[in-house]
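User: I am new to this structure and should like to go through its side-chain contacts step by step. Please reason briefly before giving each result.

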Amino acid sequence: MMRLNKLTRIGLILYFFFYLIFPNLAISQNFKKDILINIQNGLNNRDYKSISEYFEGNEIINLKDKFSKIIKEFPNAKWLIKISDKNQKNNNNIFHIKFSGSKVINNKEYILNSNFDYDFVLINGKITKGVIKNLLTTVRNDKNKIDLDISIPDKVLTGSNYDIDIIVNNPLDNSILAGGIKEYQEDSLLNEPIILEPLSSGGLYKMTRAPSKPGIQIWSGMIAHPEGLISFTKTVDIIDEF
């Protein structure tokens, strides 16, 4: 009888533990989905005020500046936001964001597509410590005439060597390709334009070395061919351990 009572008590403790925990988790997930939907709707409706209420401190200033620039460059921009299924630690959250838009310049339509993860911490319903990772953005005006494979890792160890491969899978017959790639220094006043050189091997290939300190390394490049131009930007997360 005593063993039965003990098991019953354990069962009740476990029941109340999960009863209390799982509703909180459900509320938390629903709350994140509400934030996600409201931010997505605010972005697509150009309602900056409704977006800013979910961000904390300096995040609001940065958001307003970037939001204004994007809308100015691509007035028809659209966002799609999803909660990432990646493992989350230390109260970190991840939204996976897809962003697309287009604009016409000199009778040429430029198509923008961007995919990235937005890592952030949620405190009292406010987003803080937001970081963009795994970003890949392309802008092209060639109506996808060539298939481009941008093979740059999402993350590498500090000080390690890694490859950058930009492969043209279906080059146009007898066409001359030109391209270039360089590291972009976000805070540098000495960023120079990308120099395009003839490509004889069907793409761009480069071995580089990661910085010695953790952070974000940014690569920008361009491919030119008879049907148009393709520019791309890719971030690499520099970490000190996997």
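User: Is Lys-234 buried or exposed?

Analyst: The model is a predicted one. Residues count as buried under 20% relative accessible area. The value for Lys-234 is 5%, so Lys-234 is buried.

User: With which residue does Lys-234 form a salt bridge?

Analyst: Side chains of opposite charge can pair when their charged atoms come close. For Lys-234, the closest N and O atoms of the pair are 2.9 Å apart, and the cut-off for a salt bridge is 4 Å. The partner of Lys-234 is Asp-154.

User: How many residues apart in sequence are the parts that this pair ties together?

Analyst: Lys-234 belongs to strand β12, whereas Asp-154 sits in the loop between β5 (148-151) and β6 (155-157). Asp-154 is partly exposed, at 38% relative accessible area. Because the two residues lie in these separate elements, their salt bridge ties together parts that are 80 residues apart in sequence.

User: Which residues are linked with Lys-133 in a network of salt bridges?

Analyst: Lys-133 meets the side chain of Asp-119 in a salt bridge of 3.8 Å, N to O. Lys-133 also forms a salt bridge with Asp-237, where the closest N and O atoms are 3.5 Å apart. The residues linked with Lys-133 in the network are therefore Asp-119 and Asp-237.

User: What is the relative accessible area of Lys-133, and what are the values for Asp-119 and Asp-237 in comparison with the cut-off?

Analyst: The cut-off for a buried residue is under 20%. Asp-119 has 15% relative accessibility and counts as buried, and Asp-237 is buried at 12%. Lys-133 is partly exposed, and its relative accessible area is 24%.

User: Where along β5 do the buried side chains lie?

Analyst: The side chains of β5 alternate between two faces. Asp-149 and Ser-151 point to one face and are not buried. The buried side chains, which point to the other face, are those of Leu-148 and Ile-150.

User: Which residue of β7 stands opposite Asp-149?

Analyst: Strand β7 (residues 161-168) pairs with β5 in the antiparallel sense, over 4 bridges. In β7, the residue opposite Asp-149 is Ile-167.

User: How many aromatic pairs does the structure hold, and what is the geometry of the pair formed by Phe-67 and Trp-79?

Analyst: The structure holds 5 aromatic pairs. The ring centres of Phe-67 and Trp-79 are 6.3 Å apart, and their planes lie at 25°. Planes under 30 degrees apart count as stacked, so the pair of Phe-67 and Trp-79 is stacked.

User: Which elements hold Phe-67 and Trp-79?

Analyst: Both residues are buried. They belong to parts of the chain that are 12 residues apart in sequence. Phe-67 lies in helix α3 (residues 58-73), and Trp-79 lies in strand β1 (residues 78-83).

User: What is the geometry of the ring pair of Trp-79 and Phe-99?

Analyst: The ring centres of Trp-79 and Phe-99 are 4.8 Å apart. Their planes stand at 40°, which is neither under 30 nor over 60 degrees. The pair is therefore tilted.

User: Which residues do the ring pairs link into a cluster?

Analyst: Phe-67 pairs with Trp-79, and Trp-79 also pairs with Phe-99. The cluster linked by ring pairs consists of Tyr-48, Phe-67, Trp-79 and Phe-99.

Technical notes. Residues are numbered from 1 along each chain as its sequence is written. This is a predicted model: local features need pLDDT of at least 70, side-chain atom pairs count only at pLDDT 80 or more; totals for chains, interfaces and linings use all residues. Side-chain values use heavy atoms; hydrogens and water are left out. Buried means under 20% relative accessible area, exposed over 50%, partly exposed in between (1.4 Å probe, protein chains only). Two strands pair if DSSP finds at least two bridges between them. Rings of Phe, Tyr and Trp (its six-membered ring) pair if their centres lie within 6.5 Å; planes under 30 degrees apart count as stacked, over 60 as edge-to-face and the rest as tilted.
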